[in-house]
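Me: Here is a model I would like to get to know better. Please take a close look at the salt bridges, and tell me what lies around them.

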Amino acid sequence: MTDGPAAPNPQLLKGVLPMLVLVLLDEQDSYGYELVTRLRAAGLEEVSGGSVYPVLTRLERDAQLTSYLVQSSAGPARKYYSTTPAGLALLEQQRQDWQHLTAVVHAVSDPEEVAR
């Protein structure tokens, strides 16, 4: 018996993490660790920098994100990320794909609900 919610399936998380990162960065520019804490606060307590930083690197390499440095009084400069127009277009496509996928999952898992 567990006390809290189950950790998300790592393969499912891997598939949706880029979309979640883009959603958060569409709301406000953030640095890597801040994204980790925002994802944890949203309910993904098991997410780590080891999963978020590669997503940031890949999205930046693919021109979905841009980055800039901001000096920090608490240490070295922080690398902030923001979405590009290409990143926002990708986010819109991922949202549509997610809506379609969840509709299919609901239809397959509860056909009576869809028939109503």
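Reply: Let's begin with the terms: a helix here is a DSSP run of H or I with at least four residues, a strand is a run of E with at least two, and both are numbered from the N terminus. The model is predicted. By that definition the chain has five helices and three strands, and along the sequence they follow the pattern α-β-α-α-β-β-α-α. Of the 116 residues in the chain, 30% are buried.

Now to the part you asked about. Searching the whole structure turns up three salt bridges.

One of them pairs Glu27 with Arg38, and the closest N and O atoms are 3.0 Å apart. Glu27 belongs to helix 1 and Arg38 to helix 2 (residues 32–41), so this contact ties together parts that are eleven residues apart in sequence. The two partners differ in their surroundings: Glu27 is exposed because its relative accessibility is 57%, over the 50% cut-off, whereas Arg38 is buried because its 17% falls under the 20% cut-off.

Another salt bridge joins the side chains of Lys79 and Glu60, at 3.3 Å from N to O. Here a strand meets a helix: Lys79 lies in strand 3 (residues 75–83) and Glu60 in helix 3, so the pair ties together parts that are 19 residues apart in sequence. Lys79 is partly exposed, with a relative accessible area of 35%, and Glu60 also counts as partly exposed, at 24%. Both values are between the 20% and 50% cut-offs, which is why neither residue is called buried or exposed.

Glu60 is worth a second look, since a further pair of positions can be followed from this residue of helix 3. The C-alpha atoms of Glu60 and Ser82 are 9.3 Å apart in space, while the two residues are 22 positions apart in sequence.

Next along the chain comes the salt bridge between Asp62 and Arg61, whose side chains meet at 3.4 Å, N to O. Asp62 is partly exposed, with a relative accessible area of 39%, while Arg61 counts as exposed at 62%.

While you are at this stretch of the chain, have a look at Ala63. This residue sits in the loop between helix 3 and strand 2 (65–72). Its phi is near 65°, a positive value in a residue other than glycine. Most residues other than glycine have a negative phi. Ala63 is partly exposed, with a relative accessible area of 43%.

Two of the helices named above come back when we turn to a pocket. The second largest pocket has a volume of about 160 Å³, and helix 1 (10–27) and helix 3 (49–61) are the elements that give two or more residues to its lining. Pro10, Leu13, Lys14 and Leu17 are among the lining residues, as are Ser51, Pro54, Val55 and Arg58. Glu46, Val47 and Ser48 are in the lining too. Sorted by class, the lining has six nonpolar, two polar and three charged residues.

Staying with helix 1, we can step to Leu22, which is also part of this helix. Leu22 counts as buried, with 0% relative accessibility. Its C-alpha atom is separated by 9.8 Å from that of Thr84, although their positions lie 62 residues apart along the chain.

A longer step in sequence takes us to Trp98 in helix 4 (residues 85–109). Trp98 and Val16 are 82 residues apart in sequence, yet 8.6 Å apart in space, C-alpha to C-alpha. Trp98 is partly exposed, its relative accessible area being 39%. Together with Leu101 and Val105, Trp98 forms a nonpolar patch on the surface, and the accessible area of the three adds up to about 280 Å².

To pull the salt bridges together: Glu27 with Arg38 links helix 1 and helix 2, Lys79 with Glu60 links strand 3 and helix 3, and Asp62 pairs with Arg61. I hope that makes your next look at the model an easy one!

Methods. Residues numbered from 1 in each chain as written. Predicted model: local features only at pLDDT ≥ 70, side-chain atom pairs only at ≥ 80, totals over all residues. Heavy atoms only, no water. Patch = residues over 30% accessible without salt bridge, like charges linked within 9 Å, V, L, I, M, F, W, Y side chains within 5 Å. Areas by Shrake-Rupley, 256 points an atom, 1.4 Å probe, with all protein chains shown as cover. Salt bridge = Lys/Arg side-chain N within 4 Å of Asp/Glu carboxyl O. Buried < 20%, exposed > 50% of the residue type's maximum accessible area, 1.4 Å probe, protein only. 1 Å grid on protein atoms, 1.4 Å probe; cavity = no way out; pocket = protein on both sides within 12 Å on 5 of 7 lines; lining within 4 Å. Points joined across faces, edges and corners; volume = space filled by probe spheres on them. Nonpolar A, V, L, I, M, F, W, Y, C, P; charged D, E, K, R; others polar.
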